[in-house]
Amino acid sequence: MRYALAIALLLPFTGWSLGFLLLYGAQATGCSLGWQDMAIGPISSLRALLILLFAATTLIIATTVFVALSSEKISSSMSGTMLAVARYTAGAALFSTAYVFSGILWLDLC
């Protein structure tokens, strides 16, 4: 695969940035439409939506990281050092997803 290194390095943080746009776009929309005042059980509908998007984003990033880094085509086309760098950046993307987006669990929404 010709662009395997670029894909392995950019895919996790591209997923993070798309998740960032999706989460905070949903938060802005929900705040302007008053979804924080509508309850679904013990939590507001906006918080439920954001938790769902947070879980989906984290799952998608983890899946793409696993698939991209376990692929034989990608692993065979990279040196050991670059494969380690790709794995560390993927780990950083997963950590930053959990760290940055986890505020939706306890912070005020609007």
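Buried residues make up 31% of the 110 residues in this protein chain. Before I go on, please keep in mind that the model is a predicted one. As for surface, the chain exposes about 6700 Å², and carbon and sulfur atoms supply 73% of that area.

Now the layout. The secondary structure comes to four helices and two strands. Going along the sequence, the pattern reads α-β-β-α-α-α. Take the contacts between residues at least 6 apart in sequence: 74% of them join residues at least 24 apart.

Next, the core. Which residues form the largest nonpolar core? There are nine of them: Leu23, Ala26, Leu46, Leu50, Leu53, Phe54, Phe101, Ile104 and Leu109. Two elements, α1 (residues 4-33) and α2 (residues 45-70), each give two or more residues to this core. Helix α2 gives the most, with four residues. As background, nonpolar side chains in soluble globular proteins tend to be buried together.

One core member to look at on the screen is Ile104. Leaving out residues up to four places away in sequence, Ile104 touches Leu23, Arg47, Leu50, Ile51, Phe54 and Leu109.

On to helix α4, residues 80-101. With 22 residues at 1.5 Å a residue, α4 should span 32 Å. The end C-alpha atoms of α4 are 31 Å apart, which agrees with that figure. Which residues in α4 are buried? They are Leu83, Ala86, Ala90, Ala93, Ser96, Thr97 and Phe101. Looking down the axis of α4, these buried residues fall within an arc of 150°, so they line one face of the helix. The general rule behind such patterns is that an α-helix has 3.6 residues a turn, so residues three or four places apart point the same way. On the face of α4 turned away from the buried side, the exposed residues are Gly80, Thr81, Tyr88, Phe95 and Tyr99.

From α4 we can cross to helix α2, where Ile61 lies. Is Ile61 buried or exposed? Its relative accessibility is 1%, and the cut-off for buried is under 20%, so Ile61 counts as buried. Setting aside neighbours within four places in sequence, Ile61 is in contact with Pro12, Gly15, Trp16, Leu94 and Thr97. Thr97 is also one of the buried residues of α4. Another buried residue of α4, Ala90, is 29 residues from Ile61 in sequence and 8.7 Å from it in space, C-alpha to C-alpha.

In helix α1 there is Thr14. Thr14 and Ile61 are 47 residues apart in sequence, and their C-alpha atoms are 9.1 Å apart in space. Thr14 has a relative accessibility of 38% and counts as partly exposed.

A word on Met38, found in the loop between α1 and β1, the strand at residues 39-40. Met38 is partly exposed, with a relative accessible area of 44%. Not counting neighbours within four places in sequence, Met38 is in contact with Ile43, Ser44 and Ser45.

Last, the cysteines. How many disulfides does a search of the whole structure find? It finds one. Cys31 and Cys110 form this disulfide, with their sulfur atoms 1.9 Å apart. The angle about the S-S bond is -95°, and the link is left-handed. What does the pair tie together? Cys31 lies in helix α1 and Cys110 in the segment after α4, so the disulfide joins parts that are 79 residues apart in sequence. As for accessibility, Cys31 is partly exposed, at a relative accessible area of 23%. Cys110 is exposed, at 56%.

To recap: the largest nonpolar core takes the most residues from α2, the buried residues of α4 line one face of that helix, and one disulfide is found in the whole structure.

Notes. Residues numbered from 1 in each chain as written. Predicted model: local features only at pLDDT ≥ 70, side-chain atom pairs only at ≥ 80, totals over all residues. Heavy atoms only, no water. Core = buried A, V, L, I, M, F, W, Y, C linked by side-chain atoms within 4.5 Å. Buried < 20%, exposed > 50% of the residue type's maximum accessible area, 1.4 Å probe, protein only. Contact = heavy atoms within 4.5 Å. Expected span 1.5 Å × (residues − 1). Arc of directions from axis to C-beta. Disulfide = S-S within 2.5 Å. Areas by Shrake-Rupley, 256 points an atom, 1.4 Å probe, with all protein chains shown as cover.
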